[in-house]
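Trainee: Could we go through this model together before I set up any calculations?
Mentor: Certainly; please bring it up.

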Amino acid sequence: MSHFSQIKTQIRSLPALQAALTDLGLPWQSGSQEVRGFRGQTQTAQVVVPQDNGYDIGFRWNGTEYELVADLEFWQQAWSVDRFLNKVTQRYAYHAVLQSATEQGFQVQTTEQQADGSVKVVLQRWRS
């Protein structure tokens, strides 16, 4: 019986996901990697966050989005699973917006961390 849990996300951009994990100070490995779970069980994921206890957190492409894959009994992060996903999703959204804005010809003018934890980004685009 598998102990792995799959949690759906709205994460679709691999570079934005990787940037989000880096922002949070989480070491990650890219490419098709094995996520280690209970009794040597594994799942394949495209991004893996190794944990010190020998069990991993992975983000696996399911054809639509990157879902989180992990054996939650061995979760060893500073945050709960929900808080972890909230933090990753917030940083992911920030990078996805910047990526999309750059593709559309915008430039970042300012970025401000707000008291409530949100991020205010002011973009500008010059028309010729």
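Mentor: What follows takes the sheet, the helices, the cores and the ring pairs in turn, and please keep in mind that the model is predicted.

Trainee: Let us begin with the sheet. In what order do the five strands lie?
Mentor: The order is S1-S5-S4-S3-S2, in an open sheet with antiparallel pairing.

Trainee: Which strands stand at the edges?
Mentor: S1 and S2, the latter covering residues 29-36, stand there. Each has a single partner strand, so one side of each is left without a neighbour in the sheet.

Trainee: And what does the twist average from one strand to the next?
Mentor: The average is 45°.

Trainee: How many bridges join S4 to S5?
Mentor: Five bridges join these two antiparallel strands. In one detail of the pairing, Trp61 has Tyr66 in S5 as its bridge partner.

Trainee: Which strands does H1 touch where it packs on the sheet?
Mentor: H1 touches S2, S3, S4 and S5, and its direction makes about 50° with that of S3. H2 also packs on the sheet, touching S1, S4 and S5, with its direction at about 50° to that of S4.

Trainee: Let me stay with H2. What span does this helix reach?
Mentor: H2 runs over residues 81-103 and reaches 32 Å from its first C-alpha to its last, close to the 33 Å expected. After H2 comes Gly105, whose phi is positive, near 90°.

Trainee: Which residues of H2 are buried?
Mentor: Among them are Val81, Phe84, Leu85, Val88, Arg91, Tyr92 and His95.

Trainee: Why would residues three or four places apart point the same way?
Mentor: An α-helix has 3.6 residues a turn, so such residues point the same way.

Trainee: What covers the buried residues of H2?
Mentor: The cover includes helix H1 and the strands S1, S4, S5, S6 and S7. S6 spans 107-113 and S7 spans 119-124.

Trainee: Turning to the interior, how many residues has the largest nonpolar core?
Mentor: That core has 19 residues, and those with the most contacts inside it are Leu17, Leu21, Ile57, Phe59, Leu68 and Phe84. The elements giving two or more residues to this core are H1, S3, S4, S5 and H2. Its largest share, five residues, comes from H2.

Trainee: What is Ile57 in contact with, leaving aside its neighbours within four places in sequence?
Mentor: Its contacts include Val47, Val49, Leu68, Ala70, Trp75 and Phe84. Another core, of five residues, lies apart from the largest one; Phe4, Val35, Val48 and Val69 are among its members.

Trainee: Now the rings. How many aromatic pairs does a search of the whole structure find?
Mentor: The search finds five. In one of these, the rings of Trp61 and Tyr66 have centres 4.8 Å apart and planes at 55°, so the pair is tilted.

Trainee: Is Tyr66 buried or exposed?
Mentor: Tyr66 is buried, at 8% relative accessibility, whereas Trp61 is partly exposed, with a relative accessible area of 35%.

Trainee: And how far is it centre to centre for Trp79 and Phe84?
Mentor: The distance is 6.5 Å, with 40° between the planes, and this aromatic pair is tilted. Trp79 is partly exposed at 23%, and Phe84 is buried at 0% relative accessibility.

Trainee: Which residues do ring pairs link into a cluster?
Mentor: Phe38, Tyr55 and Phe74 are linked in that way.

Notes. Residues are numbered from 1 along each chain as its sequence is written. This is a predicted model: local features need pLDDT of at least 70, side-chain atom pairs count only at pLDDT 80 or more; totals for chains, interfaces and linings use all residues. Side-chain values use heavy atoms; hydrogens and water are left out. Helices (H or I, at least four residues) and strands (E, at least two) are DSSP runs, numbered from the N terminus. The expected span of a helix is 1.5 Å times one less than its number of residues. Buried means under 20% relative accessible area, exposed over 50%, partly exposed in between (1.4 Å probe, protein chains only). Contact means heavy atoms within 4.5 Å. Two strands pair if DSSP finds at least two bridges between them. Axes are lines fitted to C-alpha atoms, for helices over the stretch in contact, and angles run from 0 to 180 degrees between N-to-C directions. A nonpolar core is a set of buried Ala, Val, Leu, Ile, Met, Phe, Trp, Tyr and Cys residues joined through side-chain atoms within 4.5 Å. Rings of Phe, Tyr and Trp (its six-membered ring) pair if their centres lie within 6.5 Å; planes under 30 degrees apart count as stacked, over 60 as edge-to-face and the rest as tilted.
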